[in-house]
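Me: I would like to go through the empty spaces in a protein model and learn how each one gets its label.

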Amino acid sequence: DLPQVEVFEDGTIQVSFDVSIRHVSERNKRGVRMQHQGQPRDKDKREKERRELRLLVGKNFERLSALDNITVTTYKERILSSVLEQVVSCKDPIAQEYLMECIIQVFPDEYHLQTLHAFLDSCGRLSGQVNIKSIIISIIDRLAAYAQREASSIPPEIQLFDIFSDQVAQLGKTRVDMPTEDAIALQVALVNLALKVYPTRPDYVDKVYNNTSALFAQRGIERVDANSAVCRELVKLLKTGADGYPSIQQTLQLQHYVPLYGVLGSETRKDMAVYLLETVTKKETAID
């Protein structure tokens, strides 16, 4: 079940993950059948199979990433294009999700940086049942951490915030059935990216808050229920902005922060106000 890897005399590499993808798909289909058969005792077995499957697929990718012949160019032109095409064509949502996560975790950050557009384009072609939110957040978080560690390694022409902001906006158009809480979770990842990689660009953070307000307007949401998943993600989004700057005044000066705060219900607004005051105390600042 390992990938078929052929290294030719001219240094080119041909990779086939047909066996792995077929294995993922078949295991998933069997698990779905077991689930619909209503056998609770099989639940642990299914979960064990899925864990084993992750390990199997991970080993496949690790073997490939460890090949001596691999360079950024080889990865971009030979490996990733082949793997992504097979991932997209397999149509199985669980298999697609596993494989995309493995790509993110196994290959080096600099490879992802140089192939970001191709990877994100493939994300847009995955099955509508794939948890696309988790995949996008995973690649955002990984590259944000890399950019924070290796700022000088990020070419000026690769504007991570703009790239990911555009991708999230595109998902909003193509995945109209995406749960609101998932859409906001993507905005949380964007704020984290902006704060870590572009600390001198508060306009990036403010753009996220503006886009989130627009999202609520598009979906006809004027208030969010205190006990909802949407509320939890919105609070996380607002707290991320409050925590991200040395002074709370910097957060409150963002044009679209307070209007978004107003979408919270009255009790949640009170809780959030207490959090902001505690943040002021922690940072030893005072609101003018």
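The turns below deal with a pocket, a cavity and their linings.

Reply: This is a predicted model, where local features need pLDDT of at least 70 and side-chain atom pairs count only at pLDDT 80 or more, while totals for chains, interfaces and linings use all residues. Residues are numbered from 1 along each chain as its sequence is written, and side-chain values use heavy atoms, with hydrogens and water left out.

Me: What makes a space a pocket, and what is the volume of the largest pocket?

Reply: On a 1 Å grid over the protein atoms alone, a pocket is an open set of points with protein on both sides within 12 Å along at least five of seven lines, whereas a cavity is a set where a 1.4 Å probe fits but cannot get out. Grid points are joined across faces, edges and corners, and the volume is the space filled by probe spheres set on the points. For the largest pocket that volume is about 380 Å³.

Me: Which residues are closest to the centre of the largest pocket?

Reply: They are Val168, Ala169, Gly172, Leu215 and Gln218, out of 17 that line the largest pocket. Lining residues have an atom within 4 Å of a point. H8 gives the largest share, 6 residues; helices here are DSSP runs (H or I, at least four residues), numbered from the N terminus.

Me: How many cavities of 30 Å³ or more are there?

Reply: The structure holds 2. The second largest cavity has about 40 Å³ of space, and its lining includes Tyr75, His112 and Thr115.

Me: Why is Tyr75 counted as nonpolar and Thr115 as polar?

Reply: Ala, Val, Leu, Ile, Met, Phe, Trp, Tyr, Cys and Pro count as nonpolar, Asp, Glu, Lys and Arg as charged, and the others, Gly among them, as polar, so Tyr75 falls in the nonpolar class and Thr115 in the polar class. The lining of the second largest cavity has 6 nonpolar, 2 polar and no charged residues.

Methods:
Helices (H or I, at least four residues) and strands (E, at least two) are DSSP runs, numbered from the N terminus.
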